[in-house]
Amino acid sequence: MTVALRAEKLTRVFTSSAGDVHACVDIDLEVNEGELVVVRGSSGAGKTTLLNLLGGLDQPTSGRVWIGDVEATALSEDDLAELRREKLGFVFQSFGLIPVLSAAENVELPLRIARTDPAEREERVAEALRLVNLADQAPQRPAELSGGQQQRVGIARAIVSRPRVLIADEPTGQLDSRTATTVMDLIGELVHTRGIAAVVSTHDPLLVRRADRVIELHDGRVTSVSSGSVAEADVAAIEEITDAAPPVAQPAQSEEPAGEASESAPLTRAEARARRKRR
C-alpha cells in the first residue's frame, strides 16, 4: 500500500501562565491511500490538535509530517499553503459554508482560489455534488439545506480539489445519530472508492465501526491502535452500559430543511443498536 500521510514523533506543547500543556506527545502515525482512520478520545484528549498538525494548520513543537514524499513541516508558509490547497481537504464540525453563496458556489471556492480554469471548475463542482448526492441542491443556499445536507456540501468542497488526504474534525458533531451515520458512510465510501487517505476525529463510539483503524488518544498520547472490527466489539460493550441509561435530550440537526420540523426524532443508542442488528 502507498503511504499518503506520515507523522513521526509529533509533539505540540502550549505554554501558558499556568504551565505547559502537552496537547500531543511523540505521536507516530501512517495512513495509507484508501484507508479511513478514526481518532477517538474524550474532549481535551488532543484530537483537534493532532488533526491541525497533520493538516498543516499548526506547527509542531517537535516532530515531522509528510504528505506523500513531501515533508510538510519543512515547507515555507507559501509552499505549505499550496500543499494544503492541492493535496489536503478539510471537513469541520461547524460546516463553514458562506451563507450568501449557493451550494455550488461554496464547493467552487477552493478552485477559484487555485485559479482553476472555469470550464474545469464547473465540471469538478458538478462531479463533487453528484458524489455527495446533492446535484439537485446546487443552486440552494445553506439556510435552505438541512444540517446533513450542509455537511455534505462541506465534504464536496473538501474533495473538489481531488486531495490525497482528507482531514475531518468531528464532522458529525452537530448532527443527530441517523444523519451522522449517513455522513460517516459517505466519507467511508469516498475513501475506499477514490483512494483518499482520511483521518476523522470523533468522541462518539457508535461511529468507530466505519473505520479501518481506530487510534485512541488520552492526554495527548496514543494509548491503543485497533482495527475497525476490534473497535466494534468495544462499541458493543459501551452500548451495553449506555442502553440501561435514560436517553438525554440534545439539540440536533436532521435531514429536514432549515425552518421545517423533522418527522422523526434522533435515534437513541438502543435504537441505533437495534437497527444495526436488523441489518
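**Figure 1. Helix 3 and its buried residues in the predicted model.** A residue is called buried when its relative accessible area is under 20%. In this predicted model, the residues of helix 3 that are buried are Ala103, Ala104, Asn106, Val107, Glu108, Pro110 and Leu111. These buried residues of helix 3 pack against two other helices, helix 4 and helix 5. An α-helix has 3.6 residues a turn, so residues three or four places apart point the same way. If neighbours within four places in sequence are set aside, Val107 is in contact with Val125, Ala128, Leu129, Val153, Ala156, Arg157 and Val160. After helix 3 comes Arg115, which has a positive phi, near 60°.

**Figure 2. The protein as a whole, for orientation.** The protein contains eight helices and ten strands, and 47% of its 279 residues are buried. When contacts with a separation of 6 or more are considered, 73% of them are between residues 24 or more positions apart.

**Figure 3. The open sheet of six strands.** Strands of a sheet pair through backbone hydrogen bonds, either parallel or antiparallel. Here six strands form an open sheet in the order 6-7-8-3-9-10, and their pairing is mixed. At the edges are strand 6 (88–92) and strand 10 (221–227), each of which pairs on one side only. From one strand to the next, the twist averages 20°. Within the sheet, four bridges connect strand 3 (residues 36–40) with strand 9 (residues 213–218), and this pair is parallel. A useful place to look is Val37, which stands opposite Arg213 in strand 9.

**Figure 4. Two helices that pack on the sheet.** Helix 5 (residues 147–159) lies across strand 6 and strand 7 (165–169), and its direction is at about 165° to that of strand 6. Helix 6 (residues 177–194) also packs on the sheet, where it touches strand 3, strand 7 and strand 8 (197–202), and its direction makes about 140° with that of strand 3.

**Figure 5. The nonpolar cores.** In soluble globular proteins, nonpolar side chains tend to be buried together. The largest nonpolar core of this protein has 39 residues, and those with the most contacts inside it are Val107, Val125, Leu129, Val153, Ile155, Leu166 and Ile187. At least two residues of this core are supplied by each of strand 3, helix 3, helix 4 (118–131), helix 5, strand 7, helix 6 and strand 8. Helix 6 gives the largest share of this core, seven residues. Another core, of 28 residues, lies apart from it, and its members include Val31, Val37, Phe90 and Ala197.

**Figure 6. A stacked pair of rings, Phe90 and Phe92.** The count of aromatic pairs comes to one. The ring centres of Phe90 and Phe92 are 6.1 Å apart and the planes of the rings are at 0°, so this pair is stacked. The two residues can also be described by their accessibility: Phe90 counts as buried because its relative accessibility is 16%, whereas Phe92, at 35%, counts as partly exposed.

**Figure 7. Arginine side chains over aromatic rings.** The charged end of Arg6 sits over the ring of Trp66, at 3.8 Å from the centre of that ring. In another case, Arg12 lies over the face of Phe14, and the distance to the ring centre is 4.1 Å.

**Figure 8. The hairpin of strand 1 and strand 2.** Strand 1 (residues 3–16) and strand 2 (residues 19–32) run antiparallel and are joined by ten bridges. The connection from strand 1 to strand 2 is a hairpin through two residues. Along this pair of strands, Val3 stands opposite Asn32 in strand 2.

**Figure 9. Two loop residues with a positive phi.** Most residues other than glycine have a negative phi, and most peptide bonds are trans. Phe95 is not a glycine, yet its phi is positive, at about 70°. Phe95 is found in the loop between strand 6 and helix 3 (103–113), and it counts as buried because its relative accessibility is 5%. Asp219, likewise a residue other than glycine, has a positive phi near 55°, and its place is in the loop between strand 9 and strand 10.

Conventions
Residues are numbered from 1 along each chain as its sequence is written. This is a predicted model: local features need pLDDT of at least 70, side-chain atom pairs count only at pLDDT 80 or more; totals for chains, interfaces and linings use all residues. Side-chain values use heavy atoms; hydrogens and water are left out. Two strands pair if DSSP finds at least two bridges between them. Axes are lines fitted to C-alpha atoms, for helices over the stretch in contact, and angles run from 0 to 180 degrees between N-to-C directions. Contact means heavy atoms within 4.5 Å. Rings of Phe, Tyr and Trp (its six-membered ring) pair if their centres lie within 6.5 Å; planes under 30 degrees apart count as stacked, over 60 as edge-to-face and the rest as tilted. Buried means under 20% relative accessible area, exposed over 50%, partly exposed in between (1.4 Å probe, protein chains only). A charge sits over a ring if NZ of Lys or CZ of Arg is within 6 Å of the ring centre and within 35 degrees of the ring normal. A nonpolar core is a set of buried Ala, Val, Leu, Ile, Met, Phe, Trp, Tyr and Cys residues joined through side-chain atoms within 4.5 Å.
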